[in-house]
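Visitor: I would enjoy a close look at one part of this protein. Could you pick a helix, walk me around it, and then show me what lies beyond?

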Amino acid sequence: GDEALIALDTIADRASGLLVPNMRLGVTGLSRAGKTVFITALVHNLIHGGRLPLFEPVHSKRLARAYLEPQPDDGVPRFGYESHVRDLVEKRDWPDSTRAISELRLTVEYEAASGWGRLLSGGKLHIDIVDYPGEWLLDLPLLGKSYREFSDDALELARTGSRAGLAAEYLELAGSVDPDADADEPLAERLADTYKAYLQACRNESLALSTLPPGRFLMPGDLDGSPALTFAPLPAEPDSARPGSMLAMMERRYDSYKTLVVKPFFRHHVTRLDRQIVLIDAMHAMNAGPEAVRDLERALADIMLCFRPGSGSLLTGLWKRTIDRVLVAATKADHLHHEDHPKMEAIVRRLVQGAIDRAGVTGAQVETLALAAVRATREATVKEGSDRLPVIVGTPVEGERIDGVTFDGETETAVFPGDLPGNPEEIFRESDLAENHRFVRFRPPRLETGDNGATLSLPHIRLDKALQFLIGDRFA
Ligand code: GDP
């Protein structure tokens, strides 16, 4: 009777659902690189008919409509698109940043370019966007390291450069611990907390360091306070741990971290991706100086390694899909005048090349770009004597100070953004770059009129170029 019909319907639904191709697009980057803003702007522009002339399906007017649907993975938090749009568009505030993994399914209906395309896909594509902290990718090298190796590497790093000062308290505490003494939970907590405080300090504004594993120490997700996150490196003492000792406890927790946290994350998420975008805030690192830039390069190398399915990878055998395209994009290009965009892209290319050289060849096609997912500024020129200086104009967020003036969040101002070096190698050298470059946080902009002249969407810089590289080929 009816039940049978319903069952048949469901089967038919499932079957037709299976025919709609899906692609899993990973969006990552270190904290505050711009993941949340990127995903929100991308989805908003596709749903609301934004200006995307460099995205071929839009350019050729084949994109019929885009809308959100329930995501396929019930166990993963949903990306908070609606509340982020409310912040960005209605309040003109930046939304809360990524703290853990989340997912969103965007369905796009289009007119296939070829008869084959129509037949195979029905002109529909599910894009499952997966947002996750880049910090978590930096854990991959841990899979190949014992607790001893992890400790040696972590402590050596803690003693180098400007890290040494920040790690002093930790190094002293760790040096005072007897690894052979009985396991002591409060002490383990103190070690972990002090170690986290050191990692956190490395991350602060003026230092802006990037390579700070274990990734969950800075971005714990829902595991904060669990034993798998309550460990820290200890100096080499006994070769083997006595059962019940401090060292045995640390080893066990480190192993738990790998098996309960790192491996499942890679297995359930990273190895199922088809495409990946890595966002970097290159200007933030450049403002902090060459040590931060080198550190960003090293982090990027560790990140690129994660997308290499080939032999020699710690993930061999885990891959369910193959990431065949990786886009590394410098965000917040609206903080620069467009005359400086080619220099910014040269810098990203240099960073990525350095990373690829370190990580070895990747199987994927790697592209670089400078973009602004949300363009908060416009450009103008200011006359200074006989010179015409390129400036950017925007509304600084409330409380920003420029030349002694505190802004109220309502007033527009012109800012001379400073010059980037023409030779990318200069970012690795000590220079007056930081003084040259003025970094102001602007409020999100008002909406602009979209391609069809009717709808309103978020202005951006080269978001469409990013889209074309990441998914454009799937609309054949
Ligand atoms: P996440 O930690 O990677 O999720 O970073 P967010 O997306 O939250 O971005 C962090 C901050 O960077 C935001 O609060 C903004 O201040 C700034 N930001 C991100 N994307 C843009 C952009 O496209 N333009 C401008 N002007 N600022 C941006």
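**Helix 2 and its surroundings**

Guide: Happy to. Let us begin in helix 2, which spans residues 35-47 and holds Thr40. Keep in mind throughout that this is a predicted model. Thr40 counts as buried because its relative accessibility is 0%. Which residues does Thr40 touch, once neighbours within four places in sequence are set aside? They are Phe79, Tyr81, His84, Val85 and Leu88.

Several of those names lead us to helix 4, residues 81-91, where Tyr81, His84, Val85, Asp87 and Leu88 are the buried residues. These buried residues lie on the same side of helix 4, because they cover an arc of only 160° around the axis. An α-helix has 3.6 residues a turn, so residues three or four places apart point the same way. As for partners, the buried residues of helix 4 pack against helix 2, strand 2 (63-69) and strand 3 (102-110). Just after helix 4 comes Arg92, with a positive phi near 55°.

Back at the start of our helix, the loop between strand 1 (22-29) and helix 2 contains Arg32. Arg32 is not a glycine, yet its phi is positive, at about 70°. Most residues other than glycine have a negative phi, and most peptide bonds are trans. Arg32 also brings us to the ligand, which has 19 residues around it; Arg32, Lys35, Thr36, Ser97 and Asp334 are the closest. A backbone N or O atom of Lys35 sits 2.8 Å from a ligand oxygen atom. For Ala33, a polar backbone atom is 3.4 Å from an oxygen atom of the ligand. Lys332 takes part through its side chain, where an N or O atom is 3.0 Å from an oxygen atom of the ligand.

Now let us step back to the whole chain. Domain 1 is made of 23-132 + 269-375 + 452-475, while domain 2 covers 140-256 and domain 3 covers 378-449. Taken over C-alpha atoms, the centres of domain 2 and domain 3 are 39 Å apart.

The nonpolar cores are worth a stop too. The largest has 90 residues, and the members touching the most others are Leu191, Ile280, Phe307 and Leu351. Helix 10 (residues 246-268) supplies the largest share of this core, with 10 residues. Apart from it there is another core, of 44 residues, which includes Leu42, Leu88, Leu125 and Leu458; Leu88 is one of the residues that Thr40 contacts.

Leu351 deserves a word of its own. Neighbours within four places in sequence aside, Leu351 contacts Ile280, Ala282, Val293, Leu296, Glu297, Leu300, Ile427 and Phe428. Glu297, in this list, belongs to helix 12 (residues 290-305). With 8% relative accessibility, Glu297 counts as buried. Not counting residues up to four places away in sequence, Glu297 touches Arg350, Leu351, Gly354, Ala355, Arg358 and Phe428.

Two backbone details round off the tour. The peptide bond from Pro213 to Pro214 is cis, with omega near 0°, and Pro214 is in the loop between helix 8 (185-203) and helix 9 (215-218). Arg462, not a glycine either, has a positive phi of about 60°; its place is the loop between strand 14 (456-457) and helix 15 (463-471).

Note on methods: Residues numbered from 1 in each chain as written. Predicted model: local features only at pLDDT ≥ 70, side-chain atom pairs only at ≥ 80, totals over all residues. Heavy atoms only, no water. Core = buried A, V, L, I, M, F, W, Y, C linked by side-chain atoms within 4.5 Å. Buried < 20%, exposed > 50% of the residue type's maximum accessible area, 1.4 Å probe, protein only. Helix = DSSP H or I, 4+ residues; strand = E, 2+ residues; numbered from the N terminus. Contact = heavy atoms within 4.5 Å. Arc of directions from axis to C-beta. Domains from an automatic or database assignment. Near = heavy atom within 4 Å. Polar contact = N/O pair within 3.5 Å; in protein donor to acceptor, adjacent residues only side chain to side chain.
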